[in-house]
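Reader: I want a close look at one part of this model. Keep it brisk, and give me the cut-offs as you go.

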Amino acid sequence: MASSKLSKRSPVLPFELVEEILYRIPHGSLVRFKSICKQWYSLLNDKRFIYKHLDLSREQFIQLAHHNESVNLFNLETQARSRFQGLEIYECKSKLWRSVDAALDSCVKLWFPHYQSLSMNGNMYWIAHRKKGNLETEIFVQSLDFTAETFKDIGCGVPFETECTSLCCASTLVLSSFGGDRLSLLHQHKRVNIELWTTNKVTDEVVCWSKYLNVTGPDLPILHSAPYYNFPTYFIDHKTSTIIAWCGEFNATKNYIDVVIYEISDGKIKKQVAEVAGHSLGYGCHNLCYVYVPSLVRLPE
C-alpha cells in the first residue's frame, strides 16, 4: 500500500531547478514562501539568492499621490495597484533625521529639484544650469555626494543644444539611472524627436555621454504635458532595450488626467492607459512617480 502511494506522487524536482524557478517569482510571494519548509527558509534568507533575485528583478513604478497622501506601487504586467498610507525616510544607522552641511554654488540652479531628483548608489543627481560668459546657459548634471557631504559637478554637460530652462519650453529633459551605476537622459524636442543618452560609470575618472536610442517621426506623443502634469518617469528595460515611460496625458473629454505608459523602441511606440492610476485635473502636478526595484534585501538594524 505504501509503495502504491509513493508511485502516485509527483516526481520531486532537483533543488537546483526549484531555485531557478524561485528566482523568477515576485518578491511579495517569496516572503510568504519562507514558511513552506526549512530548506526554502534558508534559501530565501541567503545573501547570494537575495542579490541574484535583485539583479533579475524588473523595475516598477511607485506613485506618490499628494491629494490623498497615499503611496501606490504599480505592477506593469497586471496593472494592479497596492496602496500604502504614509511614508517616512530616516538614517538607518542613527535612526535620526540629520541635516547635511553642504552649500550649492550660488550661480547654480537645480532644474525643478522636486520633480527631477535621482537617487543612485547613495548619491543624489539633478539636472542643473548656470550662466556662462556672453549670457550663455550651461546645462549639466549636479550631484550630492552623501559620503563626503558635498555638492559636485560630475563633469558632463548635456550632449546637445537645448533651451530647456523653463517649464513651458519646447524641449523636455528627464534624468534616470541605467544599470545601477550609470546615468541616462531622455530628451524630447517638440513632437519630432525622442532620444536617449547614457553615460559610462559615474565613478569613472571621465564621465561622458553616448547615444542609446533615437526615435523620429512627424507626430510623436508628448511625454510632458505641461502644465497639466509633472515630468515623465522612465526606466530602460535591459532585456529589450526599450524605454518604459510613465506620463500624464490630459483627457479633454473627461477633463481628467490619464496616466499613460509608453514602450518606446527604435521605430516602434506602444501606448497603454493605466486606468487605476488616473486622477482629477486639479491634482495633476502633485502626483509624482518614481522607479523602484522590488527587493528582498533587508535594511540594516
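Does Cys-156 count as buried or exposed, and at what relative accessibility? Then take me through strand E6 and the strands that pair with it.

Author: Cys-156 counts as buried, at 4% relative accessibility. The cut-offs: buried is under 20% relative accessible area, exposed is over 50%, and partly exposed lies in between, with a 1.4 Å probe and protein chains only. Before going on, note that this is a predicted model: local features need pLDDT of at least 70, side-chain atom pairs count only at pLDDT 80 or more, and totals for chains, interfaces and linings use all residues. Residues are numbered from 1 along each chain as its sequence is written, and side-chain values use heavy atoms, with hydrogens and water left out.

First, the cysteines. The structure holds 0 disulfides, a disulfide being a pair of cysteine sulfur atoms within 2.5 Å. For Cys-156, the closest cysteine sulfur is that of Cys-208, 8.3 Å away and too far for a bond. Cys-208 is in no disulfide either. Its relative accessible area is 43%, so Cys-208 is partly exposed.

Now strand E6. Helices (H or I, at least four residues) and strands (E, at least two) are DSSP runs, numbered from the N terminus. E6 covers residues 123–131, and 8 of its 9 residues are buried.

Take the partners one by one. Two strands pair if DSSP finds at least two bridges between them. Strand E4 (residues 108–110) pairs with E6 in the antiparallel sense over 3 bridges. There, Lys-109 has His-129 as its bridge partner.

Strand E5 (residues 118–120) also runs antiparallel to E6, joined by 3 bridges. Leu-118 stands opposite Tyr-125. E5 and E6 form a hairpin with 2 residues between them. In that turn, Asn-121 has a positive phi of about 50°. As background, most residues other than glycine have a negative phi.

Strand E7 (residues 137–145) is next. Antiparallel again, E7 is joined to E6 by 9 bridges. Tyr-125 reappears here: its bridge partner in E7 is Ser-143. E6 and E7 form a hairpin too, with 5 residues between them. Asn-134 sits in this turn and has a positive phi of about 60°.

Then the rings. The model has 5 aromatic pairs. The rule takes rings of Phe, Tyr and Trp (its six-membered ring) with centres within 6.5 Å; planes under 30 degrees apart count as stacked, over 60 as edge-to-face and the rest as tilted. One pair is Trp-126 with Phe-151: the centres are 6.1 Å apart and the planes at 45°, so the pair is tilted. Trp-126 lies in E6 and Phe-151 in strand E8 (residues 150–157), so the pair ties together parts 25 residues apart in sequence. Trp-126 is buried, at 9% relative accessibility. Phe-151 is partly exposed, at 24%.

Away from E6, Phe-160 and Trp-197 form another tilted pair, with centres 6.2 Å apart and planes at 50°. Phe-160 lies in the loop between E8 and strand E9 (171–178), and Trp-197 in strand E11 (residues 193–201), so this pair ties together parts 37 residues apart in sequence. Phe-160 and Trp-197 are buried.

One charge contact closes the tour. Arg-130 lies over the face of Phe-140, at 3.9 Å from the ring centre. The test asks for NZ of Lys or CZ of Arg within 6 Å of the ring centre and within 35 degrees of the ring normal.
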